[in-house]
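Trainee: I have a model open and would like to go through it with you. Where should we begin?

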Amino acid sequence: MTTLRELAGKVAAREIGAHELVARSLQRIEALDPDLGAVVALRAQEALEEAHGLDELLAEGHEAGPLAGVPLLVKDMTDVAGMRTTFGSLVFAAAPAATTDAVVVARLRAAGAIVVGKTNLPEFAAEGFTSNLLFGTTRNPWNLDRTTGGSSGGSAAALAAGMAAVATATDGGGSIRIPAAYCGLAGLKPTNGVIGRDPIPDWIDLSTDGPFSPHADDLAVLLDVLRGPTPGDPTAQVAPPPPRPQTIGRVFAIDRFTDFGPLPHEAAEPLASALASFADAFGVGVEHVTPHELFGDGRIDEDWFTICGAEHAHRFGHAWFEAHVEELAPSTRSFLENGFAVTVEEYLAARRRRFAFVRALDDLLGPDGLLLSPVMAADACRAEGIDEGTGPEVYACAAQNITGHPALSLPAGAFPSGVPFGLQVTGPRYGDEPLLDLARRWEEARPWPIAAAGYEPFA
């Protein structure tokens with residue numbers, strides 16, 4: 001077991017070279033990725049040269065950053081200077097190389113990480129599975145027939161298979177938590193605004209970057225590197241948040257955030273087991289609430305689709321859509337068509353209801369409460385995409401994007417397919433640090449595998 005602190009510390013102490021780590025990452029990608037389809041582009045020579053340069057600087061006595069020499073994979077909707085950004089779409093298959101790094105890539109590189117390549121995602125990050133017409137399907141290392149989830153599925157599969165030490169992720173509707181859950185990682189969607197955004201996300205107020213990793217402690221290391229305001233982001237948190245209590249207050253549980261009826265047995269059973277384990281590990285009682293008790297008649301998932309669809313469609317426009325409709329996957333076409341159909345009145349009404357949803361969750365949690373739920377209300381679908389007849393009822397993680405609350409996915413059992421089950425822990429807004437502390441305590445109390453069965457952890 002090697003955490004990021006330990007790995008970077010070994011590079012800083014020159015017990016292992018950055019060049020050796022990058023070479024190891026590239027070798028593992030070459031050996032493992034043909035079965036997984038997680039990595040879509042490499043910058044092998046550049047990464048090896050940068051690692052060699054870092055080793056020389058450290059030999060001269062230069063200070064090492066908190067991610068010194070660790071190999072980094074970047075989700076292919078985030079710019080890396082010198083690499084194209086395709087968004088998993090045929091439309092951008094021949095896009096010119098980016099000229100600058102995105103904010104999160106720049107921050108990770110400044111901390112010493114070395115970009116080795118880019119990872120797969122569903123087209124425009126708009127699905128909860130990872131498959132597209134440009135690069136094909138990413139498969140779950142725990143069960144190659146099943147999905148990794150989405151939209152950060154390529155990054156999650158790469159970490160679960162030990163291809164790199166760090167991989168980036170974004171979350172506009174569960175895209176950190178879903179693949180973290182299905183791939184057996186710990187993952188945090190931070191409070192909206194903790195990590196400044198640039199460029200403007202397609203889903204303007206709902207999307208954020210965030211960390212996931214096989215190790216709970218890595219989440220804190222990565223959040224420290226990533227957090228901070230960005231010029232031009234009006235939602236970015238500028239001042240540090242007030243201290244939050246590390247103690248656990250009242251603990252609630254909910255099956256999902258919109259009433260789609262009882263959970264299927266495949267999800268109800270691991271959730272019940274996870275809730276019992278949580279109560280035992282932390283010595284707390286768990287109170288159950290229903291979607292109606294929390295949000296009244298509001299259907300928060302429907303409002304998420306209204307807001308995201310309209311904002312995504314507006315980002316492209318009708319002319320662009322008509323010009324490229326034949327290059328788009330059917331699910332992308334449907335998502336954008338629904339977005340174009342949203343009226344201004346419907347969009348604004350959904351945005352106004354956000355205030356009521358935020359107030360309801362603020363009132364429930366107070367300064368130190370927690371809300372437990374499944375990340376996903378169903379077993380992982382086939383790797384190529386959602387099975388016919390399933391829909392939004394399988395997702396249980398868009399609410400926190402609407403309200404902005406931090407939400408943590410913790411490995412907590414398995415579905416019948418062998419794909420891991422993720423327990424979601426939602427905390428008070430700006431209560432990110434207590435959630436990180438809780439993740440460490442959960443790992444100590446209920447250790448989980450650091451890599452998928454049959455794979456070795458990185459380093």
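Mentor: Let us begin with strand β16, keeping in mind that this is a predicted model. Of the 8 residues of β16, 6 are buried, so the strand is largely enclosed by the rest of the structure.

Trainee: Which strands does β16 pair with, then?

Mentor: Strand β10 (residues 186-189) is joined to β16 (residues 407-414) by 3 bridges, and the two run antiparallel. β16 also pairs with β17 in the antiparallel sense, over 6 bridges.

Trainee: Which residues face each other there?

Mentor: On the β10 side, Leu-188 stands opposite Leu-408 of β16, and Lys-189 has Ala-407 as its bridge partner in β16. Towards β17, the bridge partner of Pro-411 is Gly-422.

Trainee: And how many residues lie between the strands in the hairpin of β16 and β17?

Mentor: There are 5 residues between them, and in this hairpin Gly-418 takes a positive phi near 95°.

Trainee: What is the strand order of the whole sheet?

Mentor: It is an open sheet of 7 strands with mixed pairing, in the order β12-β10-β16-β17-β15-β13-β14. The edge strands, β12 (212-213) and β14 (286-288), each pair on one side only.

Trainee: Which strands does helix α13 lie across?

Mentor: Helix α13 (residues 344-365) lies across β13 (251-253), β15 (370-374) and β17 (420-426), and runs at about 115° to β15. Helix α15 (residues 432-445) packs on the sheet as well, touching β10, β15, β16 and β17, and its direction makes about 20° with that of β16.

Trainee: Changing topic: how many residues are in the largest nonpolar core?

Mentor: That core has 105 residues, and Leu-67, Met-163, Phe-278, Leu-408 and Val-425 have the most contacts inside it. Helix α7 (residues 216-226) gives the most to this core, with 8 residues. A second, separate core of 25 residues includes Phe-257, Val-289, Cys-308 and Leu-365.

Trainee: What does Phe-278 touch?

Mentor: Leaving aside residues up to four places away in sequence, its contacts include Val-251, Leu-370, Leu-423, Val-425 and Trp-442.

Trainee: One more, on helix α2: where does it bend?

Mentor: α2 bends by about 35° at Glu-30, and a proline, Pro-34, follows within four residues. The helix (residues 18-36) reaches 25 Å from its first C-alpha to its last, close to the 27 Å expected.

Trainee: Which of its residues are buried?

Mentor: Among them are Leu-21, Val-22, Leu-26, Ile-29 and Leu-36, along with Arg-28 and Asp-33. After α2 comes Gly-37, whose phi is positive, near 65°.

How values were computed:
Residues numbered from 1 in each chain as written. Predicted model: local features only at pLDDT ≥ 70, side-chain atom pairs only at ≥ 80, totals over all residues. Heavy atoms only, no water. Core = buried A, V, L, I, M, F, W, Y, C linked by side-chain atoms within 4.5 Å. Buried < 20%, exposed > 50% of the residue type's maximum accessible area, 1.4 Å probe, protein only. Contact = heavy atoms within 4.5 Å. Expected span 1.5 Å × (residues − 1). Bend = angle between axes of the 7 residues up to and from the residue. Pairing = 2+ DSSP bridges. Axes fitted to C-alpha atoms, helices over the stretch in contact; angles between N-to-C directions.
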